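Visitor: Hi, I'm new to this one. Could you walk me through it?

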Amino acid sequence: MERAAARGNGPAAAAGAGPKVRIEGLSYWYDGKQSLNGVTMTIPDRAITVLFGPAGGGKTTLMRLVNRLNDLVDGTRVTGRILLDGDDIYAPGVDITRLRRRVGMVFALPLPLPGTVRENVLYGPRLAGIRNRTRLSEILERSLTQAALWAEVKDRLDAPAQGLSGGQQQRLCIARSLALEPEVLLLDEPTSGLDPISTAKVEESLFELKTQYAVVIVPHSVQQAARVADVAAFFLGGELVECGDGPQVFTSPRNKRTEDYVTGRFG
Amino acid sequence: MTASRVLIQRLGFGLLGLVTLVVVAPILAVVAVIVVRGISAISWQFLSTMPFNGMKQGGILPAIIGTLLLTLGTALVAVPIGVGGAIYLSEYARDTRLTRAIRLAIVNLAGIPSIVYGLFGLGMFVLFLRFGTSILAGSLTLAIMTLPVIISTAEEALRAVPMEFRTVSASLGGTRWQAIRTIVLPQALPGIITGVILGLLRAAGETAPILFTVAAFYLPRLPRSPLDQSMALPYHLYVISTQVPGMPLNVQYGTALVLLGLVLSLNIVASLLRRYFRRKRQW
């Protein structure tokens, strides 16, 4: 409690810069069933925001709403607002493909596209219309380096991406998102299928990434959440129970339910 | 106990093997009979010259060319429309009462007897649109008959491509069409090719749909335009085996052998294409 009081300035204090994404009263229904209920929170720039809690809490749903991937699903309803740099991303006339380039996403399972390592990383930039070879090879090296994968794959850029190990594939997927130089990077349990060493490498690259991006992650364990969180948000049954400074939430949570979950009494 | 279980297993395997044989044997028998009786008619001259003397002598070139042209014409019409329709149904159409009705119609179209397509072609293309008895009218008729097969197999092949690829493409700023063009279509290609070839093979071997729309009884010259009549192998076979008295038996079987060979070689080309594209696929 004391430690939290000492830091005292709330979530923004942990952030390297101001707010990047502002979520206001966000609710979401799928097939008439509500899976998010009035969520309001701020995602700071240049920091790691952790969304954690038991399965079915709405963490993944929230992520997929921030880059409008849920548009691909029929039978959904969204109320409330999501502001990216102050602009409502659900406003009419928003260019969705541009939004998705600004808000990158990495999925729980490594999902390399069919093709080589190079084709995977450059998929997004090529779709965006970048043709210049020098520019593309710069993007390739930069993204793979940022994802801590360059050293391992620089000699097999034209090998099938499916031939990489699970951990490498997941970092490849991170590199693929970074190739578009997104402003926000969403990672949905990026280490759920990985061994501890690969997990450590991915986490390492996260600390690197937060110096440039607003990173949002659904961790695969409370331990991981505690390791990486600058800001932590606890979700339960579609509601945001508690959101605050990372260390404060994990060491002295204000809400009883957060405390029960963090100390392992349920979930 | 164990001994009897082993015995039952052996009996079971034996029975299944026998059933397989029953399935395969007639096919082999048909091929064997056609080859044995028809091989003596096959010669370069048979394949490359016009028939004469009431088709009892000479070759079957116009029938071969006619069937090839009809198959090509069918492909030109049915493949773009069929694959396009499949892309629409699988990638764009929402699951509404209308699209369900369309799917039901497609499945049912596949079950319509081919003579009905022939009559439709006569009414629609030959008479109403005034294409006359022509390769054009025949190709269109065969294309309509082939469409359901192409649409349903292509749609299935497209749906078999994991949804995740589309999601990943979207998450990287791809439009729906970009995802289809760069990932879904290339990955579905082997399956689509299979469907296309299956449909075209059926078209190449059909007699009823071309009976009223293309087929010339005896036309010892090559077609010069899509509006020409033409001979075609299946119809020619029907004619020489039922309508021409005194037709040498080996010419009848020889013609059947050529049709069989044509269909078989199309099949082989399809398998090679499929294998080539499947090797390029990686998931």
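Guide: Sure, let's start with a pair of residues: Ile23(A) sits opposite Met41(A), which is in strand S2 of chain A. A strand here is a DSSP run of E with at least two residues, a helix is a run of H or I with at least four, and both are numbered from the N terminus.

Visitor: How do I read the numbering, and is this predicted or not predicted?

Guide: Residues count from 1 along each chain as its sequence is written, while chains are lettered from A and ligands numbered from 1 in the order in which they are written. This is a predicted model, where local features need pLDDT of at least 70, side-chain atom pairs count only at pLDDT 80 or more, and totals for chains, interfaces and linings use all residues.

Visitor: Okay, which way do S1 and S2 of chain A run?

Guide: Antiparallel: S1 (residues 19-30) and S2 (residues 33-44) of chain A are joined by 8 bridges. Strands pair if DSSP finds at least two bridges between them.

Visitor: What's in the turn of that hairpin?

Guide: There are 2 residues between S1(A) and S2(A), and Asp31(A) in the turn has a positive phi of about 55 degrees.

Visitor: Which other strand does S1(A) join?

Guide: S4 (residues 76-84) of chain A, also antiparallel and with 8 bridges. In that pairing, Trp29(A) has Arg77(A) in S4(A) as its bridge partner.

Visitor: Changing topic: what is the mean pLDDT of chain A?

Guide: The mean is 87, and 93% of the residues of chain A reach 70 or more. pLDDT is the predictor's confidence in each residue, from 0 to 100. Over residues 1-15 of chain A, though, the pLDDT is below 50. Where pLDDT is low, the predicted coordinates should not be read in detail.

Visitor: And how many residues does each chain bring to the contact?

Guide: Chain A brings 20 residues and chain B brings 17 residues. Being in contact takes C-beta atoms, placed from the backbone, within 7 Å. On the side of chain A, helices H3 (96-102) and H4 (117-127) are the elements that give two or more residues.

Visitor: What does H7 of chain B pack against?

Guide: Its buried residues pack against H3 and strand S6 (103-106) of chain A, together with helix H8 (176-205) of chain B. Those buried residues of H7(B) are Val168(B), Ser169(B), Ala170(B) and Ser171(B). Buried means 20 or more other C-beta atoms within 10 Å of a residue's own, with C-beta atoms placed from the backbone.

Definitions and conventions
Two residues are in contact if their C-beta atoms, placed from the backbone, lie within 7 Å. A residue is buried if 20 or more other C-beta atoms lie within 10 Å of its own, exposed if 12 or fewer, and partly exposed in between; C-beta atoms are placed from the backbone.
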